[in-house]
Amino acid sequence: MRNTNQETFWDQQVLAYDPFGGDKDDGGFKQLSDKVVVARKKRKCCECGQNIIPKTKIRVMTAVGDGKVSSISFCHACCGAMVEWENGNWEPLESRLALRR
């Protein structure tokens with residue numbers, strides 16, 4: 001159970017979206033954490049491929065598999081699109097994904 005005292009409603013909606021929902025094969029990976037944080041450094045968003053801007057709220061998922069720990073990050077704009085998806089509007093997330101193509 002998540003600590004709802006620290007999370008906002010927006011954070012909860014971002015975390016409700018499963019970016020790998022249709023992928024039934026986990027490849028032997030075990031999720032260690034999934035949280036909304038404030039970005040400390042520049043990195044790439046795994047969803048849209050754009051740069052993540054430091055000091056913005058982002059989603060970070062960490063997993064272990066094949067003896068390695070891996071983290072993936074989602075930019076603030078993609079997190080907002082995840083919230084829209086959870087509220088029944090899929091277009092913003094599709095637009096974000098199109099940036100990667």
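Salt bridges, cysteines and a pocket in a predicted model

Me: In which strand is Asp-34 found?
Reply: The model is a predicted one. Asp-34 is found in a strand, and that strand is β1.

Me: Which residue does the side chain of Asp-34 meet in a salt bridge?
Reply: Side chains of opposite charge can pair when their charged atoms come close. The side chain of Asp-34 has a polar contact of 2.7 Å with a side chain of strand β4. With N to O at 2.7 Å, the pair also counts as a salt bridge, and the partner of Asp-34 is Arg-59.

Me: How many residues apart in sequence are Asp-34 and Arg-59?
Reply: Asp-34 belongs to strand β1 and Arg-59 to strand β4, so the salt bridge ties together separate parts of the sequence. The separation in sequence is 25 residues.

Me: Are Asp-34 and Arg-59 buried or exposed?
Reply: Asp-34 has a relative accessible area of 14%, and the cut-off for buried is under 20%. Asp-34 therefore falls in that class. Arg-59 is classed with Asp-34, and both are buried.

Me: How many salt bridges does the count come to?
Reply: One salt bridge joins Asp-34 and Arg-59. Another is formed by Asp-11 with Lys-57, where the closest N and O atoms are 2.8 Å apart. The count comes to two.

Me: How many residues apart are Asp-11 and Lys-57?
Reply: Asp-11 sits in helix α1, which covers residues 9-16, while Lys-57 is in strand β4. Their salt bridge links distant parts of the chain, and the two residues are 46 residues apart.

Me: Is Lys-57 buried, partly exposed or exposed?
Reply: Its partner Asp-11 is buried, with a relative accessible area of 5%. For Lys-57 the relative accessible area is 28%. Buried needs a value under 20% and exposed one over 50%, so Lys-57 is partly exposed.

Me: How many disulfides does a search of the whole structure find?
Reply: A disulfide needs two cysteine sulfur atoms within 2.5 Å. For Cys-48, the nearest cysteine sulfur is that of Cys-45, 3.7 Å away, and Cys-48 is in no disulfide. The sulfur of Cys-75 is 3.7 Å from its closest cysteine sulfur, in Cys-78, which is too far for a bond. The search of the whole structure finds zero.

Me: What is the relative accessible area of Cys-75?
Reply: Cys-48 counts as buried, at 1% relative accessibility. Cys-75 is buried too, and its relative accessible area is 6%.

Me: Which element gives the largest share of the lining of the second largest pocket?
Reply: The lining includes Lys-35, Val-37, Val-38, Val-60 and Thr-62. Two elements give two or more residues to this lining, β1 (30-38) and β4 (57-65). The largest share is three residues, and the element that gives it is β1.

Me: How many charged residues are in the lining of the second largest pocket?
Reply: The second largest pocket holds about 190 Å³ of space. Lys-35, Arg-40, Lys-41 and Arg-43 are among the lining residues. By class, the lining has four nonpolar and two polar residues, and the number of charged residues is four.

Me: In what order do the elements of the protein run from the N terminus on?
Reply: The secondary structure comes to three helices and five strands. Of the 101 residues of the protein, 31% count as buried. From the N terminus on, the order of the elements is α-β-β-β-β-β-α-α.

Methods
Residues are numbered from 1 along each chain as its sequence is written. This is a predicted model: local features need pLDDT of at least 70, side-chain atom pairs count only at pLDDT 80 or more; totals for chains, interfaces and linings use all residues. Side-chain values use heavy atoms; hydrogens and water are left out. On a 1 Å grid over the protein atoms alone, a cavity is a set of points where a 1.4 Å probe fits but cannot get out, and a pocket is an open set with protein on both sides within 12 Å along at least five of seven lines; lining residues have an atom within 4 Å of a point. Grid points are joined across faces, edges and corners, and a volume is the space filled by probe spheres set on the points. Helices (H or I, at least four residues) and strands (E, at least two) are DSSP runs, numbered from the N terminus. Ala, Val, Leu, Ile, Met, Phe, Trp, Tyr, Cys and Pro count as nonpolar, Asp, Glu, Lys and Arg as charged, and the others, Gly among them, as polar. Buried means under 20% relative accessible area, exposed over 50%, partly exposed in between (1.4 Å probe, protein chains only). A polar contact is a pair of N or O atoms within 3.5 Å; within protein, one must be able to donate a hydrogen and the other to accept it, and residues adjacent in sequence count only if both atoms are side-chain atoms. A salt bridge is a side-chain nitrogen of Lys or Arg within 4 Å of a carboxyl oxygen of Asp or Glu.
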